[in-house]
Amino acid sequence: MIEEVLDRIQKEKMIERKDIVLLGLSGGADSVCLLLVLLELQKRLDFSLQAIHIEHGIRGEESLRDAGFLTRLCREKGISCRIFHVDVPREAAQRGVGIEEAARELRYVCYQKAAEDAWERGESRGEEMPRYIKVALAHHANDNAETLLFHMIRGSGFKGLGGMRRQRELSAHALVIRPLLARSRKEIEQYLNEQGQDFCRDSTNLDMDYSRNKLRHQIIPLMEEINQQAVAHMVRAAGELCEISDYLKGEAEALLPKVCRREKAGCLLLAHLFSEYPSLLQREIVYSLLVQLSKSSKDIRAVHVQSVQNLAKLQVGRQIALPYGVAARRVYEGVLLTSANLNYRKSEEGQGQDKGIYEITPQMLACTENGEAFALDLPSGQIRLRVLKTRGEICKIEKKKYTKWLDYDMIKHSLQIRTRQSGDYLVIDDAGHKKKLKKYLIEEKLPKEQRERLWLVADGSHILWVIGGRISAAYKVRESTKQILEIQMTGGNDYED
């Protein structure tokens, strides 16, 4: 294994002479293996090596015991080990995300912090610094296969299906490297056995509530029953998709100035030029544009790209919400994308009142079905939507003014977050009786100027929720409800904390 990993490192210049390498050391077989491999390679490549361990606050005494094991191991091997203590459950609860997602994000925050500290220490001592601090992670071929499947299930495009990169930039001074990405879990465990090296066993790796564990212990073994080389074939396919992705990225970036015109409000995607290119290249152009406007690629998914692509074929005035406060609106010449929190259009009534209209497609809602939240920034706050499974039981609905539950299975079309329009109505009882929105607002004694600014969740003219007021009886949660759409208005001076 040593020679094969060394060959890969040298070919791709993952580690060079005088580099500073920070090893993400979890204590599992893969990271302990990488520790031994790097210690061996250190004799030949002359780089400095330090370890970072993140204690997630999930497994109690077991987690602290692992931290102690790693501290002793690093002391025996003559390297320093910095331990970060984080509270993943609290972070997940505060942000309304899953434990897996919160743990991953906090790990990378710690890696970046450690790299920045190492950079600052070197600079303060007047040392000659490398281009990057290298953060070495022990992901292997099986991890990459799991990532490919996980992204496929979530609806990622071919970028997600490309799996993990052997190298990627983490920050201005930090580069993530994965020296073991071509090695299998079986090879890693065999190497540790040959070295007589023990490692930690994380009990959460057997918990089937975690998506990756289902892939690892149930799905991939079934695939290997069909073909023993399933993991190797998936990894090879992921590598080829990475190459295709890199090629298309270059083509799209070259075409972007030709099909997109800079406007004061943002960027105008010119429909007559954009439509001349194949659909695959159109999607890559849209993706590149969204990344530029968002200043991030993390939450840009295939569904967002497809929504913008589809918008170019719809009527003028249609508008959709996208991550990071980016909005896309169909205008006469094409699609106008802006990174401002809202696009506005003048009221058709001629009153001079600006009206924002955002469309949330069923595909966007489907992205929240695994518990992740979809967020939409408004000038005075933020709308957060997520789908909750009832598992056959309806727990007590909290009486909160700015958090409401709707029957998700009743929603068949796109939703709109908007201000009021002529013809809007509410369903007020189980018999299906309707009431005009205007009459409801008058009965609630809302001043006229406040009615114009009121945000609504709508399905066409049917108002599902007057935000801060009542919901439609047609969408209320019942005993038969299988999935709940939770909608929450947060921020500003008036909404939920």
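In this predicted model, the cover over the buried residues of helix H1 includes helix H2 (29-45) and helix H8 (185-195). H1 spans residues 2-12, and its buried residues are Ile2, Val5, Leu6 and Ile9. Viewed down the axis of H1, these buried residues fall within an arc of 100°, so they line one face of the helix. The general background is that an α-helix has 3.6 residues a turn, so residues three or four places apart point the same way.

Helix H2 has 17 residues and reaches 24 Å from its first C-alpha to its last, close to the 24 Å expected at 1.5 Å a residue. Because twelve of those 17 residues are buried, H2 is largely enclosed by the rest of the structure. The buried residues of H2 are Ala29, Ser31, Val32, Cys33, Leu34, Leu35, Leu36, Val37, Leu38, Leu39, Leu41 and Leu45. Their cover includes H1, E1, E2, helix H3 (61-77), strand E4 (133-136) and H8. H1 thus appears in the cover of H2, and H2 in turn appears in the cover of H1.

**Backbone after the helices**

Residues with positive phi follow H1, H2 and H12, as tabulated here.

| Helix | Residue that follows | Phi |
|---|---|---|
| H1 | Lys13 | about 55° |
| H2 | Asp46 | near 55° |
| H12 | Lys295 | near 65° |

Lys13 takes its positive phi although it is not a glycine. This residue lies in the loop between H1 and strand E1 (20-24), and at 54% relative accessibility Lys13 counts as exposed, since the threshold for that class is over 50%. Asp46, likewise, is not a glycine despite its positive phi. Asp46 is found in the loop between H2 and strand E2 (48-55), and its relative accessible area of 35% makes it partly exposed.

**Helix H12 and the nonpolar cores**

Helix H12 comprises residues 279-294; at 1.5 Å a residue, its 16 residues should span 22 Å, and its end C-alpha atoms are 22 Å apart, which agrees. The buried positions in H12 are Leu281, Gln282, Glu284, Ile285, Val286, Tyr287, Ser288, Leu289, Leu290, Leu293 and Ser294.

In soluble globular proteins, nonpolar side chains tend to be buried together. The largest nonpolar core here has 56 residues, and those with the most contacts inside it are Leu269, Ile285, Leu322, Leu337 and Leu485. H12 supplies the largest share of this core, seven residues. Apart from this core lies another, of 39 residues, among them Ile2, Leu38, Leu45 and Phe69. Of these, Ile2 is one of the buried residues of H1, while Leu38 and Leu45 are among the buried residues of H2.

Leu322 shows how the largest core draws on residues distant in sequence. Leaving aside neighbours within four places in sequence, Leu322 is in contact with Leu290, His304, Val308, Ala327, Ala328, Leu337 and Met364. One of these partners, Leu290, is a buried residue of H12; another, Leu337, is itself listed among the residues with the most contacts inside the core.

**The second largest pocket**

About 680 Å³ of space lies in the second largest pocket. Its lining consists of 28 residues, of which Ala141, Leu181, Ala182, Val235 and Arg236 lie nearest the centre of the pocket. Helix H6 (141-154), H8 and helix H10 (230-259) are the elements that give two or more residues to this lining. H10 gives the most, with ten residues. H8 therefore takes part both in the lining of this pocket and in the cover over the buried residues of H1.

**Individual residues in strands and loops**

Tyr332 is placed in the loop between strand E10 (327-331) and strand E11 (334-338). With 76% relative accessibility, Tyr332 counts as exposed. Tyr332 and Leu270 are 62 residues apart in sequence, and their C-alpha atoms are 9.3 Å apart in space.

Arg168 lies in strand E5 (residues 167-171) and is partly exposed, with a relative accessible area of 28%. Beyond its neighbours within four places in sequence, Arg168 is in contact with Arg104, Tyr108, Leu175, Val176 and Arg178. Arg168 and Ile383 are 215 residues apart in sequence and, from C-alpha to C-alpha, 32 Å apart in space.

Conventions:
Residues are numbered from 1 along each chain as its sequence is written. This is a predicted model: local features need pLDDT of at least 70, side-chain atom pairs count only at pLDDT 80 or more; totals for chains, interfaces and linings use all residues. Side-chain values use heavy atoms; hydrogens and water are left out. Buried means under 20% relative accessible area, exposed over 50%, partly exposed in between (1.4 Å probe, protein chains only). Helices (H or I, at least four residues) and strands (E, at least two) are DSSP runs, numbered from the N terminus. The arc is that of the directions from the helix axis to the C-beta atoms. Contact means heavy atoms within 4.5 Å. The expected span of a helix is 1.5 Å times one less than its number of residues. A nonpolar core is a set of buried Ala, Val, Leu, Ile, Met, Phe, Trp, Tyr and Cys residues joined through side-chain atoms within 4.5 Å. On a 1 Å grid over the protein atoms alone, a cavity is a set of points where a 1.4 Å probe fits but cannot get out, and a pocket is an open set with protein on both sides within 12 Å along at least five of seven lines; lining residues have an atom within 4 Å of a point. Grid points are joined across faces, edges and corners, and a volume is the space filled by probe spheres set on the points.
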